[in-house]
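Colleague: I am new to this structure and would like to learn how to read it. Could you walk me through a few features?

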Amino acid sequence: MVLVAAQAILGAQMSMIFTIGGLAGGMLAPNACLATLPISLIVIGSMTTAPWLSSAMQMLGRRAGFFIGATGGIAGAATSAYGLWIDSFLVFLVGSYLTGIYMSAQGFYRFAAADTASEEFRPKAISYVMAGGLLSAFIGPTLGTSLADAFVVPFLGTYLGVIGVNLVGMLLFFLLDIPRPPAPVRGSPQGRSRWQMLQDPKILVAIICAMVSYALMNLVMTSTPLAVVGCGFDTETAGFVVTAHVLAMFAPSFFTGHLIARFGVRTIVSTGLVILAGAGAVALNGVELENFFVALILLGIGWNFGFIGATTMLSQAHSPEERGRVQGMNDTMVFGCVALASLVSGGLMNCSGGNAAEGWVSVNLAMAPFLALAGGALIWLTLRPED
């Protein structure tokens, strides 16, 4: 329940920032093609933080790691706010990178839920924690857009609001009770190396599916506010579209774990990839408001099935002593791809066509080869003889 609440309250800052980050970046950036660079820096910060934060949790426990994450969120929001105040794109980027420390910590909420869960309850535990994001879908975009014009400097209020979210949310971790992993002793099992684990087909395919699900969701979501505003709608409408998307990301979590238990994890991941493809098809069909809403709702549902399924696959494929290494490696690779996707998103959106509609088409066409990669990996794993 602590992790569910943390996902709901602390998680709100990510939808706040992702709703206005590209717009704030476009206001500060010297070139429109760099508008989504702040979002990319958040994800790069998460990618580079994941290995050492995972190791810190292995040694110090989950609570300490989550306090570090919330502190990073405060530092990132404060630095970003200062960058807006002095009109400095560079300082704003530094703040975005520091925000990635929080994003990395949030990624470990789902793994923490599995630490003390039984084999049968594990997918449900992961799913319930992800469901906490449902409340963040209401809090984040609404709070972010309502505070965007609270000060003379646009978007400054949003980042000050993020500081408050972190200060309130981090108090939850005083209630967190997950035993610290026992210190390794001489002669105890050490588990496989990272390279050996990557040679395990189940781990490899789980990581590929997580990378593709998260990266494609981020690719499209990062450009969505730019596309909505660029196609003639206002910032508040863009916030509503993002709210619908975040609701769709987390609402299925109430039953995703049950679906995994009933139909199998590979079936649910495959379904997620198909739904992601459907999101792209709807987006390519037009730039009316209903197209944005339906495409972003499907994008959220597809991410939910693909990412929770991939997380469950990974949690079933390693031993306790391998936990820190494999989880850090997974999130480094996942958020590395997400960072690349968010960076490419801005270039495709603003620099690959003559207008916002053409850029939006480019963003959604870019999904196809990566969906083929993940789908092919799942087929290969399914057809491969079991060990």
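Colleague: Which residues form a nonpolar patch on the surface?

Modeller: Patches join residues with over 30% relative accessible area and no salt bridge (a side-chain nitrogen of Lys or Arg within 4 Å of a carboxyl oxygen of Asp or Glu); nonpolar side chains (Val, Leu, Ile, Met, Phe, Trp, Tyr) are joined within 5 Å, like charges within 9 Å. Here Tyr82, Trp85 and Ile86 form one, with about 370 Å² of accessible area together (Shrake-Rupley method, 1.4 Å probe, only the protein chains shown counting as cover). This is a predicted model: local features need pLDDT of at least 70 and side-chain atom pairs pLDDT 80 or more, while totals for chains, interfaces and linings use all residues. Residues are numbered from 1 along each chain as its sequence is written, and side-chain values use heavy atoms, without hydrogens and water.

Colleague: Is Tyr82 buried, partly exposed or exposed?

Modeller: Buried means under 20% relative accessible area, exposed over 50%, partly exposed in between (1.4 Å probe, protein chains only). Tyr82 has 48%, so it is partly exposed. Ala261, at 51%, is exposed.

Colleague: And where does Tyr82 lie?

Modeller: Helices are DSSP runs of H or I, at least four residues, numbered from the N terminus. Tyr82 lies in helix 4 (residues 62-85), and Ala261 in helix 13 (residues 253-263).

Colleague: What does Tyr214 touch, beyond its neighbours within four places in sequence?

Modeller: Contact means heavy atoms within 4.5 Å. Among the partners of Tyr214 are Met103, Trp303 and Phe307.

Key. Helices (H or I, at least four residues) and strands (E, at least two) are DSSP runs, numbered from the N terminus.
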